[in-house]
Structures are given as structure tokens and as C-alpha cells.
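Biologist: I'm new to this and I'd like a close look at one thing: the side-chain links that tie the chain to itself. Could you take me through them slowly, explaining each term as you go?

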Amino acid sequence: SALYVLPPGFVESSCRSRIFWMRLNKLLLHGKFFQLEINDPYAGSILLDEKLASRCGYILSEDVWGNPIFRASVLGCHVVNEADELFSLTVNIKVSSFSSMRAAVTYIYPMHCSYSSWASREIVCEENYMEVSVRTDVPAVSNDYTVAWMSALPEIQNVAYQQWQLVFVSPSGRKRIMVSDAAKLGYSFNNTLSRVFLRAPYHSNESDISVVSGVTMNMVTSTSMYRQRWLLLLIDTTVSCPVDGISFTDTAVTWTVPSAIPTLVVQESTFLSKSILMGVDGQVIANPEEKNYLLEHNKTHIRITIPIGAEGGKLKSSLSGGIYGIIYSIDLFLEHTWIDAEWQTTKYTVIKSITTPFMPQIPTVTNNTLPEERLFNVAFGHFLPDVSLVAIAIGNVPFTLREAQRHGFKIYETLFSNRMKGFILEVSFDDPYVLKEYVKRNETKYTLLVNYTLSVGPEMIPYYHSAEVECVIADIELPEAVGSCDEENLYLTIPTFGLHQYWNLYLGNKLLTRHIVLTSGYFAATNSTHLILQIPLFAAGITYEEVSFQKIQARFDVALRKVRTMETLQTFSVSCNFNSSSFISKLYKRSINRKVCDSFLEFITNSPIFSVCHPDGTVMVSAQMKTVPAIDMSKTKLRDSSCKPKEHNEGHAFFKFHVTTCGTSVRFEGDHIIYENEISYEKETLSRQSIPTITRDPDYRLTVLCYYRAKETLVLGAFTSDPSISPPFGSGTMVPRSNIAVHRRIRQALNVVSRVSKDESFVEFYEPNSAILKQQTEPVFLEVELKDRSPSVELYLENCWVTGSLDFNGTPRWNITVDGQVFTERQMYS
């Protein structure tokens, strides 16, 4: 491969505390492959691999920013050493566009380092090796022999002339090897002009694990021996480095290193810490507190605490199992200098690259919607700068960012105070992709369904997140109806906005359709804004609140209900008073002309009448009764002679009674219940002195019939509807009869009363037509009483049930008696 001049900014290097540091620019290596070779002036180029790196004191890794990092000890292999003060190392950087490294470009990069302030003992704990170097002018043997030193003495006699040997002591025993064999085990031992050093990999067969002040240490206990004629040199080359001591919280990283390590301090009583320095990315931090770092130490520990996201480290976005999170990385080093009686000065350096575990950071969706502007404003975050929004879906319709902007969505980034960022999305309530739902009385719920697609990290891994944002505003105006009347009709004028979209109109329980309008005798007209209903006075659906000689008070109700839930929101009513006399000639009429008693008198009955059968069983009858001769209307009565007119005058009588009173009879015909009573007049009979009998008054009988649909009434029921809101489903008819009616079939009305008691005592009862709320498991105390005292009549409850509907076949249905058998509570609700 050819040699080229390095591009500007491609490499930067420095000498930091007896270590060569070199950083390559990842931007200039983008899309390329590279290799490092150590350029030895005698042996030539040697490819750097992992095994060589740990044995020779090199490390190749990346800094927290992803730039390739190369570090080398000044005591490493192939380093040119000048008097233990000047050091140089040449590295070949090979760059290729191919993984096979063919057609590679080679850059030669020399590095130089000067270091003369050697301590008596220096220990370096790198990421992939441990290194200890000792000045050789230290005393050979201490007066205070340790086990390790004493165990080495028997080997002295066997040391070959001018040969270095290593003795390792571990829990498995003692091992003595020649220096030439140490390299095969991954060790590197050598001496310089004034120093001896040993480099060992972590977790070798000769190493041992111990725990010092809660920190796990990897330790190699060794003695280096050299004998030359009368000189015997024993050097303690024990080294011990921490392999853990890292702990994490949600907010900080803590790194703990023991202050005094027993295997490195023979006489702890003489131990004295001189200085403790910390650094980030190879640079010493003089005032850690200025960067929010915390450096603490005591007799047992040195502790460094770094806040997550602190300067000098790097936060990186990551995904785990489809969950977004962050990872924080920082390169730290610690330099501890101490003195003790044995070693005078020890310089202890630990280099540690720390990366936190994956920390989930579930993104938050903040609803900053502006209802008054009818605008969704949604903030989506928080993300690191290495996250980008690439696409979005609204209501499951995908858009690229350009398409979204073109459609009218506004999307932009926003920065937060913690150096995080988010994405703002603005969408109008009126956008067709926003879901709209009518809720409550006059409110609309707007729902924005969003699916975000993001690109995470330098690897641009896709990440998806969905969100649902709602806003409910009162932006629908409920219609207000206007009622009016003329001489014969009631009118309701209702705005058509929202009809059939949000609401429907109901007449009773029936949807007010064109068919209902036509078959009920109404008239309907619409324009662009309103529906106008014309309801003749005597049409179906009219509620007659009062009928008297003076007036007819009529009311017509239309319910406004939700389309989906049938919930009644409002009832539109128009109520008017009409002059009764003006309708007499238009009511149902029937005339009777007959002669009585040799035709010396002619009786003419011209009887216009008006009757109303209310859903609660109340009957109101107003009749105009013209007879020749006239009769006393106060003497008219119903079958029960105690039931007299409520009002009367010379030509009218007004009755008001309930179908369970005044002798009213009941019968069933098809799907109708028919209640019948009769208005009659007691004639005065002249004394019976002559034959034939002559009466003073004309014969007068009127039969009153009320028809109710059997499946639409509960006249005798204990649970009756509120008459003020129930549709009038009864209709009434009066038929005048002659005295031939005396031969009619006798019909008997049974006086049956049902009530609901408040408790089992049957002392206090609920008022008729009142709402009664019960839980399913609560008992209902129902009383059905037959008021008639006739011995030939008895009350038998065959089938009795409760339902929430006016429909006899309505469900759910709870049986009380079936075929006369009372159901238990368990049977009723099972």
C-alpha cells in the first residue's frame, strides 16, 4: 500500500501521565475500514490484535463520541526508550474502502512522550491489562518478611546465572516460571535502565479475586528475582486493580475505589495519602465541583459521582424491545499517590470507561391544545439530539413530513431546558382526519390519533409511538323551539341544524317520521333553517290538560333525543287554551228523535260531546245536552250515583273520574282494554193514578268508552309512568243510548288496587306515579288488593312481573309470580 500525508484533523495525540493517547476522527473514517500496525524500527510492521494489545500494553477502543481511541504504555512493546525519560512510538494507520483492506492507504504517525517524574512504584489499571513498574534501587528484602517474600527464598538457589524468574503465589499454590515462558501465559516482563515492570492480563490463571472495602479486586501476587554472582535481587511486582465498584441510579453514576489496598500496602499504619486527582477523557479536572462532579474520599474509599448527562460524557439514544431509552457513557481516570514505609511513593492510576445500563425513557405526549382556537397543539418528547422525526400518521393515514406540511399540519422541533428536544404538532379541529363525536348535551369530542415514526441514534433504528389526544368543547347549540296557536291548531317551529346528525324528534316513543306525520293528521313544512309542525287540536298525540265548559287546555310534546343513545335532551312543548264553545259543532255528534206516549211530546236530543281518556286512567267528559223539554243537568250521574258532574249549567255537564271508580267496567277486545261507564238522568215519574205512566223528563243515556292498547298501558300498575312526559296513548268515544239499553248485558268492574310498600311492614307506601329505584338484590314489597266485598269474587295473581319498559314483552323481565307460584329472590335475578 502507498504512503500518504495525513488529512488535516484526522489524528490528534498527546502524552498523558506516561501513556500515549491517539484519537482518530470518525467523520473522516465514515464508510471506511481501518487497521493499526505498530511500526518497530527493527522488526518492521506488526499488526495490532487483541492478544498483542493486552500483553504489550496497548488498547484500541472508542471514546464516548464514537471516535477510535488508541492508548499505549510508555513501557509497552516496540516503544523506543531513551534513559526512561524520552519515549517514542510509530503507528501505521491503514484505511481502505474494503473489509479485506485491499487498496489500503497507509498513514505513518509517530508519537513522542517525555516522562521523568517516576515514582518508586507505579501501577496502571487499564481496561485490558494491569501494569506495575518498580525502581530497581529499592532494598532487596524487607526486615518484615511477608509470606509471599518468604515463600520465594527457597527458590533463590535455583535461579540461573543472570536469568530473571517470576514466582506467582495464589490460592492454588506457588508457581515459578522463566521470563521467557511468561509471555506464553499472556504476561510481559522486562527491565529498563532503572526499572522492572510486569504486565498481566485480567483474570489469568495466576490471579486471585479479593474484596477490599466492598470492591472486587483482581490481584496478581508475584516476586521478580534476579541473581548475578554475589547480587541477589528480589522485587515485589504484585499488582491489584478494581474490576467493579460501579453503581447507577436514575440520576447519577458512582465509581468507588479502595483508598488503601492491603496487598499493595504492607504496613498500613505508615500509609499516607498525598494526592487524589480525577480526570475525564484523559484530562485532569482541577475543580470537579465546577462541572457538578463529586470527588469524595476517606480512609477506606475514594468515590467519584457523575450526574447522568454531565459534561464530558455522552448521552446516546437506544432501543430495547421496542422501548426508547438512553445510555450514558463517560471515560474516567483516577490518580492516587500515597507514601508508606516500604515503597516511599506509589502512584496508582485507574482508567475506567463507564457506560450505564439501558435506561427506559418513555416519551411523553403533552396536550397543549387551544380549544378557543380549535387547534390541537401536541408536544412529543423528550428526546436526545440523535433522534429525528421522519414520518407521521394522522387517523391511520400516513404522511411524510413534506406531505404533512403540504396538507396543512404544522410540525416543528422545540428545545427543552435539559438539552433534550421534542416535536410540536398542530392540527385543526376541523381537519377531515380528526375524529368527531357528539357527546353530552351540546358538546363535541375531537380525537386526534397520531402515530410517530422516528429515527433513533446514529444507526437510524426506526421507532414507533402512538398517541391519542382528546378535547371536548361546547360548540353545538341545542335547538330552541317556538310554539304558537291559532283557533284550531298548535304549531311548533324547530331549527333543523343538527337534526338527524346529532338528534331526532320523537313523538312519545315513536320516531317522528314523514309517515307518522301523515298518518297522525299533522302538517309539516321545512325551509333551509326550520321545521314547522302544524298539529290540529284533536289530532293524535295531543295531551288535554284541562277540559271544561269555558276552555280546552291542550299540549303537544316533541322530545329531542340523541341519535345514538336515545337519551332525551329536551322536550319541546306548546300549550294553548281553546274556547270550548267554538268547537261544539265540530265534535262527534249523534241525534236521537223518538216519540213517547202517543207522541204528545217530541224529544229532540242534539248532543255534541268531547271526551279525553288520559294514560293514567283519568277520564274527562264534556257534553252539551239540549233536550226538549230541558232537563236539570245537575241531576245527571254516572253508574255510581254518587259520581255527579264536576261542573254543569243549563246545557252542559262536565265529568271527571278514574276508570277504577264510579262503577266503570272493563273488558278486553283484541289488543285493547275497554273501560265503560254511562251518563244517565233520573227521570221524575208522575203519580201512578192513570195508565199509561207519564214522565216529566226525556230519556237520556250516554255511554262513555275508553280504549287503551293492552301493551301500552299500566292503568292499574304499581309502576306507572309520569303523565307529564308520557305520550297520551288512550282514546275515548261517547255513544248516546236510548232506554232500550236497559236490556244490555251487565258488565262488572272489579276494584283492584296495587301499591308498592317502602318495607315489609306494609305501612308506608310510595306515591302513585313516582319513580322507585331499586338494586337488583333488593326486595320489592308489592301489595295487590281486591276492594270488592262480594263473596262470589276472589283475587288470584296468575302472572305478575316487573319490567323497565312500557312494553309488556320488554326485557329484562323479573318474574314475581308465574302460574300463581311466587318466585324467590334467587330465581328472580338468576
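Modeller: Sure, here comes a walk through disulfides, then salt bridges, with a short stop at a sheet.

Before we start, this is a predicted model, so local features need pLDDT of at least 70 and side-chain atom pairs count only at pLDDT 80 or more, while totals for chains, interfaces and linings use all residues. Residues are numbered from 1 along each chain as its sequence is written, and side-chain values use heavy atoms, with hydrogens and water left out.

Let's begin with the cysteines. A disulfide here is a pair of cysteine sulfur atoms within 2.5 Å, and the structure has 6 of them. If you number the bonded cysteines in sequence order, the pairing reads 1-4, 2-3, 5-6, 7-8, 9-12, 10-11.

Have a look at Cys-56 and Cys-77 to start with. Their sulfur atoms sit 2.3 Å apart in a disulfide. Turn the picture to look along the S-S bond: the angle about it is -80 degrees, which makes the link of Cys-56 and Cys-77 left-handed. Cys-56 belongs to helix H1 (residues 50-56) and Cys-77 to the loop between E7 and strand E8 (80-82), so this disulfide ties together parts that are 21 residues apart in sequence. Those labels are DSSP runs numbered from the N terminus: helices (H or I) have at least four residues and strands (E) at least two. Cys-56 and Cys-77 are both buried, where buried means under 20% relative accessible area, exposed means over 50%, and partly exposed is in between (with a 1.4 Å probe and protein chains only).

Now jump along the chain to Cys-485 and Cys-576, another disulfide, with 1.6 Å from S to S. The torsion about its S-S bond is about 80 degrees, so the link between Cys-485 and Cys-576 is right-handed. With Cys-485 in strand E40 (residues 482-485) and Cys-576 in strand E48 (residues 568-579), the pair ties together parts that are 91 residues apart in sequence. Are the two ends buried or partly exposed? Cys-485 counts as partly exposed because its relative accessibility is 30%, whereas Cys-576 is buried at 14%.

One more disulfide joins Cys-643 and Cys-662, whose sulfur atoms are 2.1 Å apart. This link is left-handed, with -90 degrees about the S-S bond. Cys-643 is in the loop between strand E53 (636-637) and strand E54 (647-648), and Cys-662 is in the loop between strand E55 (652-658) and strand E56 (665-669), 19 residues apart. Cys-643 is buried because its relative accessible area is 12%, and Cys-662 is buried because its value is 11%.

On to charged side chains. A salt bridge is a side-chain nitrogen of Lys or Arg within 4 Å of a carboxyl oxygen of Asp or Glu. The structure holds 29 of these. One of them joins Arg-18 to Glu-131, with the closest N and O atoms 2.6 Å apart. This salt bridge links distant parts of the chain: Arg-18 is in the loop between strand E2 (11-15) and strand E3 (19-24), while Glu-131 is in strand E12 (residues 130-135), 113 residues away. Both Arg-18 and Glu-131 are buried.

Arg-23 and Asp-63 make another salt bridge, at 2.9 Å between the closest N and O atoms. Here too, distant parts are linked: Arg-23 lies in strand E3 and Asp-63 in the loop between strand E6 (58-62) and strand E7 (68-73), 40 residues apart. Arg-23 counts as buried because its relative accessibility is 13%, and Asp-63 is buried because its relative accessible area is 5%.

Further along, Asp-557 and Arg-555 meet in a salt bridge of 2.8 Å, N to O. Asp-557 is buried because its relative accessible area is 17%, and Arg-555 is buried because its value is 11%. Salt bridges that share partners also join Glu-12, Arg-23, Asp-63 and Asp-281 into one network.

Last, the sheet. Strands of a sheet pair through backbone hydrogen bonds, either parallel or antiparallel. An open sheet of 4 strands has the order E31-E32-E36-E35, with antiparallel pairing. Its edge strands, strand E31 (364-367) and strand E35 (410-415), each pair on one side only.

Key:
Two strands pair if DSSP finds at least two bridges between them.
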